[in-house]
Amino acid sequence: MYRFIINPGSGSGNGKKIEALIRSQMSDKNIPFEICETARKGHAKQLAEQFDGERIIAVGGDGTFHEVLNGLDVEKCGIGFIPCGRGNDFAEVFRLSKKPAEALNAALNGQPTNIDYIQLACGLRCLNIGGTGLDVSVLERVENKRDTKLTYLMSLIYCISHFQPYELDVTIGEKTEHYSCIMVGVCNGKQFGGGMKISPLSSFDSGKLNVITVQMPQNGKIMRALMGFTNGRHLDKPYVRHFECEEVKVSSPFNYPIELDGEIYKDAVLDCKVVKGGLKTFK
């Protein structure tokens with residue numbers, strides 16, 4: 001039995017169109033399936049928790065994939081992905097087809113592929129990138145607003161003009177360093193924010209986390225510092241630090257909110273480790 005968890009509103013309603021395609025193709029091929037639509041934030045996680053041993057196929061954007069990962073029994077269930085969100089950062093890096101029919105075929109018939117994911121000490125999981133700093137500030141401003149690239153861009157411009165550095169301690173092994181940061185990213189994937197290549201050296205099967213710290217430039221020009229992220233040409237900048245590790249903790253007495261796959265958490269800490277090959281998927 002194939003279980004589809006679909007966010008019908010993802011991608012400005014594309015989820016609903018893809019649902020019609022799935023129903024048609026699965027019925028034509030006489031393949032047993034069930035479709036579950038999400039109705040609210042957190043619902044995809046609740047739906048995934050109900051299934052035991054099936055192949056779950058998540059239809060939506062990075063947020064939907066994140067929720068399904070957090071509800072999934074990773075030891076018993078595999079997961080396929082059909083991307084139809086706004087940013088689709090995971091899909092871009094994992095090279096999932098953006099053509100729904102091709103993505104559906106891969107989810108049904110693709111080769112099993114085990115990839116890494118990020119496990120937080122609090123129990124949360126992250127598929128792509130977790131972080132804190134400017135990225136969280138931007139996401140907080142666009143929350144509950146119309147989901148468009150213009151909304152995100154306007155929020156980014158506002159946050160840059162009003163931004164105060166995050167004071168963060170990054171602990172890897174027995175060494176702790178303090179940073180006055182624009183942001184810190186704990187990366188399993190390469191990009192976030194609809195194409196910002198924060199971690200160009202990351203791979204979903206490396207068995208490593210890539211930690212990127214972006215400190216405040218001495219000239220204070222945040223926008224110029226961020227421009228390098230569009231093409232991944234920033235790792236050699238003097239205000240950027242890059243580490244590879246299996247475990248990392250990012251902490252602060254200020255209890256800043258964090259984001260995981262673009263979802264905001266206000267009471268969680270980036271206390272992370274990589275789970276090597278812990279997620280079974282298909283492509």
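# A tour from Val-248 outward

Select Val-248. Beyond its neighbours within four places in sequence, Val-248 is in contact with Val-170, Thr-171, Ile-172, Val-186, Leu-209, Val-211, Leu-270, Asp-271 and Cys-272. Keep in mind that this is a predicted model.

**The nonpolar cores**

Now widen the selection. Val-248 belongs to the largest nonpolar core, which has 44 residues. Along with Leu-134 and Leu-226, Val-248 has the most contacts inside that core. Which element gives this core its largest share? Colour E9: seven residues of the core come from there. A second core of 26 residues stands separate, and among its members are Ala-48, Phe-51, Ile-56 and Ile-115. As background, nonpolar side chains in soluble globular proteins tend to be buried together.

**Helix H6 and Ile-160**

Go to Leu-134, at the start of helix H6 (residues 134–142). Seven of the nine residues in H6 are buried, so the helix is mostly covered. Select them: Leu-134, Asp-135, Val-136, Ser-137, Val-138, Leu-139 and Val-142.

Next, pick Ile-160 in helix H7 (residues 149–162). Is Ile-160 buried or exposed? Its relative accessibility is 15%, so Ile-160 counts as buried. Show its contacts, leaving out residues up to four places away in sequence: Ile-160 touches Leu-134, Ile-222, Met-223 and Leu-226. Leu-134 and Leu-226 have already appeared, among the residues with the most contacts inside the largest core. For a sense of scale, draw a line from the C-alpha of Ile-160 to that of Lys-17. They are 143 residues apart along the chain and separated by 37 Å.

**The cysteines**

Show the cysteine sulfurs. How many disulfides does the whole structure hold? A search finds zero. Start with Cys-122: its nearest cysteine sulfur is that of Cys-272, 8.4 Å away. Move to Cys-126. Its closest cysteine sulfur is also in Cys-272, at 7.4 Å, which is too far for a bond; the cut-off is 2.5 Å. Cys-126 is buried, with 0% relative accessibility.

**The loop at Ser-199**

Select Ser-199, in the loop between strand E9 (175–187) and strand E10 (209–215). Ser-199 is buried at a relative accessible area of 1%. Show side chains here: a 2.5 Å polar contact links Ser-199 to Ser-202. Setting aside neighbours within four places in sequence, the contacts of Ser-199 are Cys-187, Gly-189, Lys-190, Asn-210 and Ile-212.

**Helix H1**

Finish at helix H1 (residues 10–28), beginning with Ser-10. Ser-10 is buried, at 7% relative accessibility. A polar atom of its side chain lies 2.9 Å from the backbone oxygen of Asn-7. Apart from residues up to four places away in sequence, Ser-10 touches Gly-15, Gly-60, Gly-61 and Cys-84.

Now take the whole helix. H1 has 19 residues and reaches 25 Å from its first C-alpha to its last, close to the expected 27 Å. Which residues of H1 are buried? Select Ser-10, Gly-15, Ile-18, Glu-19, Ile-22 and Met-26. They lie on the same side of H1, because they cover an arc of only 120° around the axis. Rotate to the other side to find Ser-12, Lys-17 and Asp-28, which are exposed.

What covers the buried residues? The cover includes strands E1 (2–6), E2 (33–37), E3 (55–60) and E4 (78–83), together with helix H5 (100–109). Last stop: Asn-30, which follows H1 and has a positive phi, near 55°.

Notes
Residues are numbered from 1 along each chain as its sequence is written. This is a predicted model: local features need pLDDT of at least 70, side-chain atom pairs count only at pLDDT 80 or more; totals for chains, interfaces and linings use all residues. Side-chain values use heavy atoms; hydrogens and water are left out. Buried means under 20% relative accessible area, exposed over 50%, partly exposed in between (1.4 Å probe, protein chains only). Helices (H or I, at least four residues) and strands (E, at least two) are DSSP runs, numbered from the N terminus. Contact means heavy atoms within 4.5 Å. A polar contact is a pair of N or O atoms within 3.5 Å; within protein, one must be able to donate a hydrogen and the other to accept it, and residues adjacent in sequence count only if both atoms are side-chain atoms. A nonpolar core is a set of buried Ala, Val, Leu, Ile, Met, Phe, Trp, Tyr and Cys residues joined through side-chain atoms within 4.5 Å. The expected span of a helix is 1.5 Å times one less than its number of residues. The arc is that of the directions from the helix axis to the C-beta atoms.
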